[in-house]
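Open the model in your viewer and keep the selection tool ready. The stops below say what to select next and what is there.

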Amino acid sequence: MPLAARALTYGPAGITQPGNGAWSPPGGRRGYERTVRVGRGDPCWAQARAALLGWGVKTRSGFAVEPVPGSDPGVRDGADYWLVARVGPLRIREPARVVAVVDRPDRCGFAYGTLEGHPVSGEEAFVLHRDADGGVWLTLRSVTAPGQGPWRLAFPVVLVAQRWYRRRYARALAAG
């Protein structure tokens with residue numbers, strides 16, 4: 001089934017609120033938020049921003065990101081992608097749609113939502129922001145519930161993989 005024909009597996013889209021500094025996860029799902037320091041200063045910001053909006057958090061963490069044929073490979077609101085994880089000889093293709101993008105002088109990032117066929121149901125956001133002292137920070141947010149079909153049975157294993165990848169995401173944009 002083409003990605004454009006797949007529906008989001010949760011709602012409402014944008015629940016990780018990447019444009020907001022404060023966030024409270026909705027009830028009924030696993031919510032997660034962590035903020036880590038990336039570095040300091042304008043060069044750090046520019047480099048991290050370019051990497052983030054080019055899917056760098058995912059690709060530097062071991063994923064391949066495949067846009068639909070003919071699409072721009074960068075993060076685009078409303079665009080569909082295959083996020084591909086390698087587990088030994090296996091390639092797990094996760095269908096996703098970018099559901100929110102923010103790009104301001106002090107905050108940029110995006111959220112993607114899971115489409116039918118993804119191992120989990122929910123949304124994940126990667127948000128870069130800087131403070132008045134020049135500190136550059138990455139906030140990871142997610143809302144997760146079991147996926148559909150056979151993925152529902154694998155949810156405990158998927159949660160272990162999710163924790164492993166979160167550690168990698170937290171280091172993906174670190175300066176130096």
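**Stop 1: a strand-to-helix salt bridge**

Select Asp103, which is partly exposed, with a relative accessible area of 43%. Buried means under 20% relative accessible area, exposed means over 50%, and partly exposed lies in between (1.4 Å probe, protein chains only). This is a predicted model, in which local features need pLDDT of at least 70 and side-chain atom pairs count only at pLDDT 80 or more, while totals for chains, interfaces and linings use all residues. Residues are numbered from 1 along each chain as its sequence is written, and side-chain values use heavy atoms, with hydrogens and water left out.

Which side chain meets Asp103 in a salt bridge? Add Arg49 to the selection: the N to O distance is 2.6 Å. A salt bridge here is a side-chain nitrogen of Lys or Arg within 4 Å of a carboxyl oxygen of Asp or Glu. Asp103 is in strand E4 (residues 90-104) and Arg49 in helix H1, so named from DSSP runs numbered from the N terminus (helices are H or I, at least four residues; strands are E, at least two). The two residues are 54 residues apart, and the pair links distant parts of the chain. Arg49 is partly exposed, at 28% relative accessible area.

**Stop 2: along E4 to E2**

Stay on strand E4 and select Arg91, then Glu66. Their side chains meet in a salt bridge of 3.4 Å, N to O. Arg91 lies in strand E4 and Glu66 in strand E2 (residues 64-67), so the pair ties together parts that are 25 residues apart in sequence. Arg91 counts as partly exposed at 40% relative accessibility, and Glu66 is partly exposed at 24%. Now add Arg93: salt bridges that share partners join Glu66, Arg91 and Arg93 into one network.

**Stop 3: the other end of a bridge from H1**

How many salt bridges does a search of the whole structure find? The search finds nine. Another to select is Asp42 with Arg130, at 2.9 Å, N to O. Asp42 is in helix H1 (residues 42-52) and Arg130 in strand E6 (residues 120-130), 88 residues apart. Asp42 is exposed, with a relative accessible area of 55%, whereas Arg130 is partly exposed at 27%.

**Stop 4: strand E1**

Select Arg37, which lies in strand E1 and is partly exposed at 41% relative accessible area. Leaving aside neighbours within four places in sequence, Arg37 is in contact (heavy atoms within 4.5 Å) with Gly135, Val136 and Trp137. For a distance across the fold, pick the C-alpha atoms of Arg37 and Leu128: they are separated by 9.7 Å, with these positions 91 residues apart along the chain.

Arg34 is also in strand E1 and counts as partly exposed at 36% relative accessibility. Select Arg30, Arg34, Arg163, Arg167 and Arg171 together to show a patch of positive charge on the surface. Strand E1 (30-40) and helix H3 (155-172) are the elements that give two or more residues to this patch. The largest share, three residues, comes from H3. Such patches are made of residues with over 30% relative accessible area and no salt bridge, with like charges joined within 9 Å and nonpolar side chains (Val, Leu, Ile, Met, Phe, Trp, Tyr) within 5 Å.

**Stop 5: before E1**

Is Thr9 buried or exposed? Select Thr9, in the segment before E1: at 15% relative accessibility, Thr9 counts as buried. Beyond neighbours within four places in sequence, the contacts of Thr9 include Thr114, Leu115, Val120 and Gln148. Finish with His118, 109 residues from Thr9 in sequence and 8.4 Å away in space, C-alpha to C-alpha.

Note on methods:
Accessible areas come from the Shrake-Rupley method with a 1.4 Å probe; for residues, only the protein chains shown count as cover. Lys and Arg count as positive and Asp and Glu as negative; His and the chain ends are not counted. The place of a charge is taken as NZ of Lys, CZ of Arg, CG of Asp or CD of Glu.
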